[in-house]
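Got your viewer open? Get ready to click through a few selections with me.

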Number of protein chains: 4
Amino acid sequence: MKIGFIGLGIMGSAMATNLLKAGFNVTVWNRSIDKCSPLIGLGATLAASPRSLAESADVTIAMMATPAAVQSVRDGDEGIVAGLSAGKGYLDMSTVDADTSMKSAMLAHEKGALFLEAPVAGSRKPAEDATLTIMAAGDRELYDSSLPVLEKMGKKIMFLGETGNAARMKLANNLVMCGMLTALSEGIALAAGSGLDSSQLLEVLDSGAVANPMFRMKGPQIAANRDFPTAFPLKHMQKDLRLALQLAEEVGQPLFATATINELYKAALAQGLGEQDFAAVSRVIMK
Amino acid sequence: MKIGFIGLGIMGSAMATNLLKAGFNVTVWNRSIDKCSPLIGLGATLAASPRSLAESADVTIAMMATPAAVQSVRDGDEGIVAGLSAGKGYLDMSTVDADTSMKSAMLAHEKGALFLEAPVAGSRKPAEDATLTIMAAGDRELYDSSLPVLEKMGKKIMFLGETGNAARMKLANNLVMCGMLTALSEGIALAAGSGLDSSQLLEVLDSGAVANPMFRMKGPQIAANRDFPTAFPLKHMQKDLRLALQLAEEVGQPLFATATINELYKAALAQGLGEQDFAAVSRVIMK
Amino acid sequence: MKIGFIGLGIMGSAMATNLLKAGFNVTVWNRSIDKCSPLIGLGATLAASPRSLAESADVTIAMMATPAAVQSVRDGDEGIVAGLSAGKGYLDMSTVDADTSMKSAMLAHEKGALFLEAPVAGSRKPAEDATLTIMAAGDRELYDSSLPVLEKMGKKIMFLGETGNAARMKLANNLVMCGMLTALSEGIALAAGSGLDSSQLLEVLDSGAVANPMFRMKGPQIAANRDFPTAFPLKHMQKDLRLALQLAEEVGQPLFATATINELYKAALAQGLGEQDFAAVSRVIMK
Amino acid sequence: MKIGFIGLGIMGSAMATNLLKAGFNVTVWNRSIDKCSPLIGLGATLAASPRSLAESADVTIAMMATPAAVQSVRDGDEGIVAGLSAGKGYLDMSTVDADTSMKSAMLAHEKGALFLEAPVAGSRKPAEDATLTIMAAGDRELYDSSLPVLEKMGKKIMFLGETGNAARMKLANNLVMCGMLTALSEGIALAAGSGLDSSQLLEVLDSGAVANPMFRMKGPQIAANRDFPTAFPLKHMQKDLRLALQLAEEVGQPLFATATINELYKAALAQGLGEQDFAAVSRVIMK
């Protein structure tokens, strides 16, 4: 199977590297061509454009940072869709909204090709270790034929049904993450406000049934009210909360806590915290 | 060391059982005497009243459900305090507000006794397995001498400083737990409501940075909207949320998310779910 | 001046009736033709389509329930815009989002016509009594020429500037109304729940600085938890809350109380109360 | 009838002044004696203590800001109760919780005196104009005999039944007021944030079914985000919200909107706005 891989950022480079190491025939393309060199060194072929990459590949994989970046490699005369034809597969592993995915699916189908959205959970380390969680949705036939490829990039791979479901699952996942961080921040605010040592609260939490890596990772910085590295920007998380609430309204599901948590995230945005890590919501919570 | 144990509910029974199994000499008392029988079967002695229990014990442990229950066994002619004297220890493991603890400490001190508040994190299973987290605060001398006893009931034991601090820490801990369960329930509600398989959401959460034992334990039943065993009754958790909000008001700390989550717990209480596990808040969230 | 009137629901029928009574030449159209009969009985002419209505009228007024309904009568071969031409006016009195209004303005301008959005505050009774508040925005020239028409439907008529402003003002107005009714409902719930006579609460409110006609009108039925006539359907009010929150997100304004109130309205929708008056939010508040 | 009046804050001073102007024989006492001077200038007598005031008066009226303040003038050797005896009346017009009122009633009854709680709705202006709403509850006999006095302070006077009911009614009333002001503030914030003229929003509101004197009075200053005279201090209003939520918890009534509104008031307190008018909650709402 010939694979095309577009989007060689931190995540995409690691994922494409794993495919090459597994012996797959991989063609690559990236807007900044210098990102392609290490992969060519590992045996990858360079394509002239997303279109020619898609023309030469059985399955074209894209791993872009935003819906706008997805569109920039997907659309136009030299885009992926222009290179698709009957029997080929288009596999978008970017995290985008359900509407963008459904548009991609429609465009692929118009060319007789198959489509799969397959956003991932996990960042640089799991990408390098091929231990990502991959949430796939769309054409089952493409999922089945791509599974040997996906298994070289992730350790947990799930098929979620029709196109859009993976985007929706990502929203539910992010809603829970924001809720947990908000709860942690309010707990720390209460502890600190009432004269307790908030690092002891973190110890208590970590010794019980709620112990989790995210609290261990972000808790100490929240407690210290210090800046910390941006794993996922707050402004993107607030967008996901908005999309989650919008989806909830469409399906008639009240979400009282999430609605309030979204307002806290909006307040953080209004205070200029949008580029910081999404844990910076703690800044509007701690007085 | 002779131990007295008062309050043989779900938690207290399991904790007293562990003390008996560890070979301690334990005298018990409970308002409903039938709860005492299994412990007497394991070698415990029955006391006639909290007072006589305290008179015969070196350390009197109480594990009550509410501040009112603490007062009912502590005060009066036949209460614990009436049986305290110089050198004895009064160790209250109930989750109560700081004011109640400080009153208990004052009453113990008036009799020349020592006081320690030592509420626990963890519910039925950790109580049975002696893996509770125990947050102790008050008289350091009693903490040091009681440590061998506490170590038979919990695996993480912390000293938090002055009386009241453990009560406050417990509230912060429970606030975070309720927030996490509410976030999980809203995530599941959104997933289920938008046609996703909510057990797949649990898989996604469990494969990432937010994976935690509580979600693994309670998630499947929330997703199935089924009854499940009561580890910690919802009505007691709501009481803790109320106390947490009260403490937050005293120290001038707004807690927007927790205030909303408390209303969800109140709505669950109003629907008659008070005796169920505190995860039953999901019943008012899922439409 | 020849007037066309499209959209003969509760509000539109009353407003068109007032125009007929004032002696205007009115042509009408409605999706369900039976709603036209009473107006034809009062002298209105029936149009074959929105297009032919717009062709025959100097000013075409639309009073639709949703943005989708606005589009359905505006667009397409038989839509209002197809019948517009230079010099004609298109006056949309529906409550829609600013984007819909700006699209309508653009379409009208492309045909050389003028556009005015003019949503109203007030429901059935003020519509019947011609005492609506009319918030107009868009082409000032059309506002000036339409004023004699608007004055037969409303008693307070304001010009708010550029297209979109009236839509936004309507949302702010409805946000306040929903907040007031929710506050009233929670006050009544607290009074009733604690054994007070909730009609005495209404008396107290009506004797002070917060006395207002809406409380006098809707309060007794909320207190009695009885059905009452639908002045403005709850489902439309929830839509306005959603649009208000959407606008607030766009401009970076947190609205904690409104976000929670929207969830109460969503809960009412989920309980099947969408067709009832928007005061029926009280049904989900009173336990 | 000889009247004693204790508590000469903004409200109490205005009310006592009206009693003096109506020709009543009034003795006064206040913790800070300088507040007594204007009333002495109008003919009031100064008492040496709450006790001696109560000994000399037929009816002792108290108008304190908090339950703690009520206790401080009620209890102890020099307190009101110490001066009560058979046939005298104790009329507490402070806004306090039902428990405090019931304690006051019990203490009065133990001395053979009658008790009436009679909190008011309305702030500085209605107090000055004698147009307060007075909600009385307790001993009907004292209500009947005090009516001529109450009528010189309020224009609407209601008897609500057993002691505690007036306290509860006041909380329900204040809950509605806070909800209305919060809704108004969020509406103004949305209007201003999206480029509208917020004074036009006030016009719209004032032209419809929600028109009310409080919006007319406080709306322009909220819209201007300016300081304004303190009619009722925010910190006291937040206390009432807290008591309302506490009462709601006792009777099992969820109040989602009020819980969120209380957090906004707490945030205002945390920003040091406690001494400003309760409309200053707008300061934490408007970004």
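Here is a short tour of a predicted model, stop by stop.

**Stop 1: where chains C and A meet.** Colour chain C and chain A differently and go to their contact. Each side brings its own set: 14 residues from chain C and 14 residues from chain A. On the chain C side, select helix H11 (234-250) and helix H12 (256-270), each of which gives at least two residues to the surface touching chain A. H12(C) has the largest share of that side, with nine residues. Try colouring the chain C side by residue type: you should get seven nonpolar, three polar and four charged.

**Stop 2: lay one copy on the other.** Now superpose chain C on chain A. A turn of 173° and a shift of 1.6 Å along the axis does it, with an RMSD of 1.9 Å. 100% of the interface residues of chain C are also interface residues in chain A, so the two copies meet through the same surface.

**Stop 3: into the core.** Which residues have the most contacts inside the largest nonpolar core? Select Val281(A), Val281(B), Val281(C) and Val281(D); the core they belong to has 435 residues. Stay with Val281(A) and show its contacts further along the sequence, among them Leu181(A), Leu234(A), Leu264(A) and Tyr265(A).

**Stop 4: a strand in chain D.** Jump to Asn25(D), which sits in strand E2 (residues 25-29) of chain D. Is Asn25(D) buried or partly exposed? Asn25(D) is partly exposed, because 16 other C-beta atoms lie within 10 Å, while a buried residue needs 20 or more. Next, show Lys2(D) and Ile3(D), both of which Asn25(D) touches. Finish by clicking the C-alpha atoms of Asn25(D) and Gly4(D): they are 21 residues apart along the chain and separated by 8.4 Å.

Key
Residues numbered from 1 in each chain as written. Chains lettered and ligands numbered in written order. Predicted model: local features only at pLDDT ≥ 70, side-chain atom pairs only at ≥ 80, totals over all residues. Contact = placed C-beta atoms within 7 Å. Helix = DSSP H or I, 4+ residues; strand = E, 2+ residues; numbered from the N terminus. Nonpolar A, V, L, I, M, F, W, Y, C, P; charged D, E, K, R; others polar. Least-squares fit on C-alpha atoms with pLDDT ≥ 70 in both. Core = buried A, V, L, I, M, F, W, Y, C linked by C-beta atoms within 7 Å. Buried ≥ 20, exposed ≤ 12 C-beta atoms within 10 Å, placed from the backbone. Lists of a residue's contacts leave out its neighbours within four places in sequence.
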